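User: Hi! I'm new to reading protein structures and would like to go through one step by step. Could you help me with some questions?

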Amino acid sequence: MTEALRVFIVDDEAPARARMKALLADIAAEQPNVLVGEAANGVEALERLADAPADVALVDIRMPRMDGVELARHLAAAGNSPTVVFTTAYDEYAVQAFELNAVDYLVKPVRAQRLAAALEKARRAAPTARETLARLAPEARRHLSVSERGRILLVPVSEILYLKAELKYVTARTREREHLLDESLTHLEHEFASRFVRVHRNCLVAREAITGFEKDAAEDGETHWSVLLAGLDEKLPVSRRQWPAVKAAFAGEGKA
Amino acid sequence: MNAAADPLAALWRPPALMGVVLGGEALAAILALAPTHGGERLVHFGLASLGIQWVALGTLCALYLLRRPLGRLPPPRLAWACLALFLLMSLLVAAAAWSVLVMTANAEGTRTGFILRMLGLALVVGLIGLLSYQNYWRSRQWAVRAKQLELEALQARIHPHFLFNSLNTIAALTVSNPALAEEVVQDLAELFRVTMRDMRERVTLQQELDFTRSYLRIEAQRLGGRLLVDWTLKNLPLQAHVPALILQPLVENAVYHGIEPSAGGGRVHILGTYNRGVLRLEVRNPLPAQPARRRSGTGNRMALDNIRERLMLFYDLEARLETEAKEGLFRVTIRLPYRKGVTA
């Protein structure tokens, strides 16, 4: 006796969601399922999934605000999340990436049988690893996510002033507050290379937030530089090793 | 080596061989008919024919035997090498011919003179041959390129994203609203009929506007309230002939780049005016803060380039396509000439 899978549909097009609902009803005999909710984009999906936990999420890869792959990455980071099955009308690059990484996907219009097979696979298979999902993503994420009290909180990357590594976690500082992220600073530096610059072994700073640099004479007689950020009193030290690179990056902009 | 890369390959084929033999005979005929001093014309023809065929076929043999090293030469050098071989063969045959002529007591003038005349002849014929081959080669390259362009144009016309999403919409409507599903199928069929046409054809402005409306009806089903469209058309000559698919692809781009990436949707504005012999079509769409990923740059550019090319084809410099991105709005404007009574 197979348990009913809790299914959540994410697609920006209403007719596509309607069709998926109809298909799920059609295959209910073969794959018992219950629809727990739907959303029109990744951000909505994260909000609603917090209240309506699901086993499987059928996610369209192309959506406004937050696309399918980024949604899957945030869900994977949170742990204990629905298995994501991607759907697409046509996207040759995405499909290539999926095939390369052995990630299952469905092409629209979806056949009932293919949907049933995908649900069966989803029951058994382990969820896709975060690293694999990162490889599928064509571009950097627009948000970073934090699990807070059972909900996934999204931090827009554009609002992050700096990222500091502490032990196993990374602290993301926005104007309002700090967030603890389960991420690796090196991976973040790589993913957001154009947005952040490394000022220290354990610190990345948003280029756009830099307002200037300050020189302090330290006890050992050496000059130490600190970077000033918009909206923060805190001054972040720039390591001597990183200073030449940071200076070079901003020489042209007349900030150093 | 494929035919496209190997210039010599065509020489080994029956048509080329026939051409060489017949060409040689023609040359022999010309020489025999030329006003000369006495002698049997038929004998002249026979001897000329013999000599020419020896040179021609001998050169072809030599080229064939040396085809591998020759194949490695760049085209200009290859041409000179072939000419050199041809002249060499002519020299050999001329020398042999002189000996034969001496034996049959038909020799006139000196050996050197004879050989030089033959070489002169061979040089002129050789250069003519090279020129004609160059022409042939160029036209073949153009034919290959033209086929390629046709294929690219075809691929650019049928947008899979639109096709499969529309089919999915129809599949959904088949259950929820069969009558509407049928209408969407009709609209889709009409659109595809147009895209299958020869892009060199023209349609009336009325037809182009209708295709665009069909396209928008399909998208309206898919995107619902997210897609809003404003039409502003002022005294348009609806029977004017315009190239097919100059407006619909622009509107499609507007939807793909301007409306779809936005959760709240947006408004596409289509304008058409006609003033003093110039027909102006404009499409405006909002530029979302977070642009569409992946296909964003290339698909748009391909469609615009394709339209520009076709406008050039029809109207030369009299038609223009301009784009402008300003203050969160993207505008594409097409201007083309239309004169009443003239099928422009």
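User: Thanks! How many residues does helix H6 of chain B have, and what distance does it reach from its first C-alpha to its last?
Analyst: Happy to help, and please keep in mind that this is a predicted model. Helix H6 of chain B covers residues 160-176, which is 17 residues. At 1.5 Å a residue, the expected span is 24 Å, and the helix comes close to that. From first C-alpha to last, H6 of chain B reaches 24 Å.

User: Which residues of H6(B) are buried?
Analyst: Buried here stands for under 20% relative accessible area. Towards the start of H6(B), that applies to B:His161, B:Phe162, B:Leu163, B:Asn165 and B:Ser166. The list then goes on with B:Asn168, B:Thr169, B:Ile170, B:Ala171, B:Ala172 and B:Leu173.

User: What do the buried residues of H6(B) pack against?
Analyst: Their partners come from both chains. In chain B they are helix H7 (178-196), helix H8 (205-223) and helix H9 (248-259). The partner in chain A is helix H1 (14-26).

User: Now for the whole chain. What radius of gyration does chain B have?
Analyst: A useful yardstick is a compact globule of 344 residues, which would have a value near 20 Å. The C-alpha atoms of chain B fill a box of roughly 100 × 45 × 40 Å along the principal axes. The radius of gyration of chain B is 33 Å.

User: How many helices and strands does chain A have?
Analyst: Let's put the two chains side by side. Chain B has 10 helices and seven strands. For chain A, the count is eight helices and 15 strands.

User: What percentage of the residues in chain A are buried?
Analyst: In chain B, buried residues make up 40% of its 344 residues. Chain A has 256 residues, and the buried share there is 48%.

User: How much of the accessible surface of chain A belongs to carbon and sulfur atoms?
Analyst: Chain B has an accessible surface of about 19,200 Å², with 64% belonging to carbon and sulfur atoms. For chain A the surface comes to about 12,800 Å², and the carbon and sulfur share is 49%.

User: How far apart do the centres of the positive and negative side chains of chain A lie?
Analyst: Chain B has 38 positive and 26 negative side chains, with centres 6 Å apart. Chain A has 35 positive and 39 negative ones, and the distance between their centres is 1 Å.

Key: Residues numbered from 1 in each chain as written. Chains lettered and ligands numbered in written order. Predicted model: local features only at pLDDT ≥ 70, side-chain atom pairs only at ≥ 80, totals over all residues. Heavy atoms only, no water. Helix = DSSP H or I, 4+ residues; strand = E, 2+ residues; numbered from the N terminus. Rg over C-alpha atoms; globule rule 2.2 N^0.38 Å. Buried < 20%, exposed > 50% of the residue type's maximum accessible area, 1.4 Å probe, protein only. Areas by Shrake-Rupley, 256 points an atom, 1.4 Å probe, with all protein chains shown as cover. Lys, Arg positive; Asp, Glu negative; His and termini not counted. Charge placed at Lys NZ, Arg CZ, Asp CG, Glu CD. Expected span 1.5 Å × (residues − 1). Contact = heavy atoms within 4.5 Å.
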